[in-house]
Amino acid sequence: MLLAGLALNIQAAKKEKSNNKAKVAIDYLDRHFQTYDKLQKTIWADPELGFLETNSSGLLKQHLRENGFTIEEGVAGMPTSFIATYGSGSPVIGLLAEFDALPGLSQDTVPYRKPVKEGAPGHGCGHNTFGVGSTAAAVSLSKWLATNKHSGTIKVYGTPAEEGGAGKVYLVREGLFTGVDVVLDWHPSSVNAVSTNGGTAMVMVDYKFYGKPAHAAGNPWKGRSALDAVESFDYMVNLLREHIPTSSRIHYVIPDGGFAPNVVPEYARVSYYIRSPKRDILNTLTEWIDSAAVGAAKGTQTRVEKEIIAGTYERLHNKTLSKVIQRNLEIVGGVKYDARERQYALDLIRATGNPDSLVNEAAKVQPLAEFPEEGSGGSSDVGDVSWVVPLASFGAATFVPGSPGHSWQNVAADGTTIGTKGLLNASRVFALTAVDLFTDAKLLQTVKDEFKQVVGSDFKYVPLLGDRKPALDYRVTKKD
């Protein structure tokens, strides 16, 4: 008991010391719950898909402008992207801010399935809280810089279309992170934890096949089916799965396959995600799949065109910076539910079939996990940023523990005060971490030295999506 009490006292002392150093920023966040509750709920209520986030981006820019930030809009050829800057001199700290929604996940803030509008988008990945959390942190840090008359610059990167559009890649390709010392990243989650998994590198490719139309009953021999080509191609890819590394992933859908069974399809399109923890393996796998597409076209006497829609690197997590974030996440702590929020969370947990005990996980901070040599799972355009500037990331519990990713449960919880509490915790972690970097030159240099060592002196950034322009219409529904 004595040891436990001593540990608590030490933790309290650390928290008081950190909060005092960043007092102006933390006080600002403590006083402005309603401001950011309203802002995140406004974005939540109008979910916009990738590259179409006009209102969401606009609300964040307006709030930053009102708080003294200068705004550069429409950067890297993306109308909804922006860079908001406050302060001057070094160090320069970047904060990433996302705001795109997911298709088909419309959901009300109730603990059962109830779309606001059937088939409409919803914030199943929590980007309504993501952009607001980063914005709140930036504003709090601007107050700290002004009050303390401290040298330093904050840059908020408004990054559209993370969900498949790879908006950040275009910012990296244009050199817009040049001169930035450190980038801080977070993401809505069902737990509070520093990210250590590097994820996977990914390319999103559309294979478009062109044939000849004909009457499928009257004279099919005059036709060449683009759909046959797609199906032949997919069959070959499914056979090669046996021979690829087990850590690689291939997924596809057929968005366009013809219009009527009695017409030989002149055009068909299949959309692929190809992933691997290592870019060199990904490149080899993509070449193999490309050759299968060419073979399918030859075998069906059709023509194929390949279009890379997006491509992202695996992530590099800066270990030094991750440990600083871990310390500050433990100081801030988890999300504390009030009685109403707790009952709501329990209802959501039960809807997923999980045990009631999971409700307590939101208040906890997970210990720092090991950094695996090989990543797994999903992909993100944050990966490209991490290869050009030191970066670390963490998750804050804006979702209810046990909720699946990209789910209606996430949409429901994120549009409530649970989401707001989580995003403000993320803002506090950003504030404490940025102040550490602003005031400790040795720490900042250690972070940068680690980055240089890991990336290597011969590294040259080459985007996986090549020189294509942003796919601004990739979420636009194609109509006849």
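Helices (DSSP runs of H or I, at least four residues) and strands (DSSP runs of E, at least two) are numbered from the N terminus. The structure is a predicted model, in which local features need pLDDT of at least 70 and side-chain atom pairs count only at pLDDT 80 or more, while totals for chains, interfaces and linings use all residues. Residues are numbered from 1 along each chain as its sequence is written, and side-chain values use heavy atoms, with hydrogens and water left out.

**Exercise 1. Find the place of Asn67 and describe its surroundings.**

Step one is to locate the residue: Asn67 sits in the loop between helix 4 and strand 1. Step two is to judge its accessibility, for which buried means under 20% relative accessible area, exposed means over 50%, and partly exposed lies in between (1.4 Å probe, protein chains only). Asn67 counts as buried because its relative accessible area is 17%. Step three is to list its contacts, where contact means heavy atoms within 4.5 Å. Once neighbours within four places in sequence are set aside, Asn67 is in contact with Tyr28, Tyr86, Val139, Ser142 and Lys143. For one of these partners, Ser142, the separation is 75 residues in sequence and 8.2 Å in space, taken from C-alpha to C-alpha.

**Exercise 2. Work out what Asp206 and Lys208 touch from their places in strand 7.**

Begin with the element: Asp206 lies in strand 7, which covers residues 201–210, and Lys208 is found in strand 7 as well. Next, consider accessibility: Asp206 is buried because its relative accessible area is 6%, and Lys208 is buried because its value is 18%.

Then look for polar contacts, that is, pairs of N or O atoms within 3.5 Å; within protein, one atom must be able to donate a hydrogen and the other to accept it, and residues adjacent in sequence count only if both atoms are side-chain atoms. The side chains of Asp206 and Arg269 are joined by a polar contact of 2.9 Å, and the side chain of Lys208 makes one of 2.7 Å with the side chain of Glu307. Finally, leaving out residues up to four places away in sequence, the residues that Asp206 touches include Val270, Ser271, Lys306 and Ile309, while those in contact with Lys208 include Tyr267, Ala268, Arg303 and Val304.

**Exercise 3. Which residues other than glycine have a positive phi, and are they buried or exposed?**

Take Phe51 to start with: its phi is near 70 degrees, although the residue is not a glycine. Phe51 lies in the loop between helix 3 (33–45) and helix 4 (54–66), and it is buried because its relative accessible area is 6%. Now turn to Lys149, whose phi is about 50 degrees, again a positive value in a residue that is not a glycine. Lys149 belongs to the loop between helix 5 (127–148) and strand 4 (152–159), and it counts as exposed because its relative accessibility is 74%.

**Exercise 4. Identify the residues joined by a cis peptide bond and locate Pro91.**

The bond in question joins Ser90 and Pro91, with omega at about -5 degrees. Pro91 is then placed in the loop between strand 2 (82–88) and strand 3 (92–98).

**Exercise 5. How many residues does the largest nonpolar core have, and which of them have the most contacts inside it?**

Start from the meaning of the term: a nonpolar core is a set of buried Ala, Val, Leu, Ile, Met, Phe, Trp, Tyr and Cys residues joined through side-chain atoms within 4.5 Å. The largest nonpolar core has 59 residues, and Tyr207, Phe209, Phe233, Ile274 and Ile289 have the most contacts inside it. Apart from this core lies another, of 56 residues, among them Leu64, Phe130, Val132 and Leu423. As background, nonpolar side chains in soluble globular proteins tend to be buried together.

**Exercise 6. Describe where Thr320 lies and what it touches.**

Thr320 has its place in helix 9, residues 319–332. Thr320 is buried because its relative accessible area is 19%. Not counting residues up to four places away in sequence, Thr320 touches Leu443, Thr446, Val447 and Glu450. Gly89, by comparison, is 231 residues from Thr320 in sequence and 23 Å from it in space, C-alpha to C-alpha.
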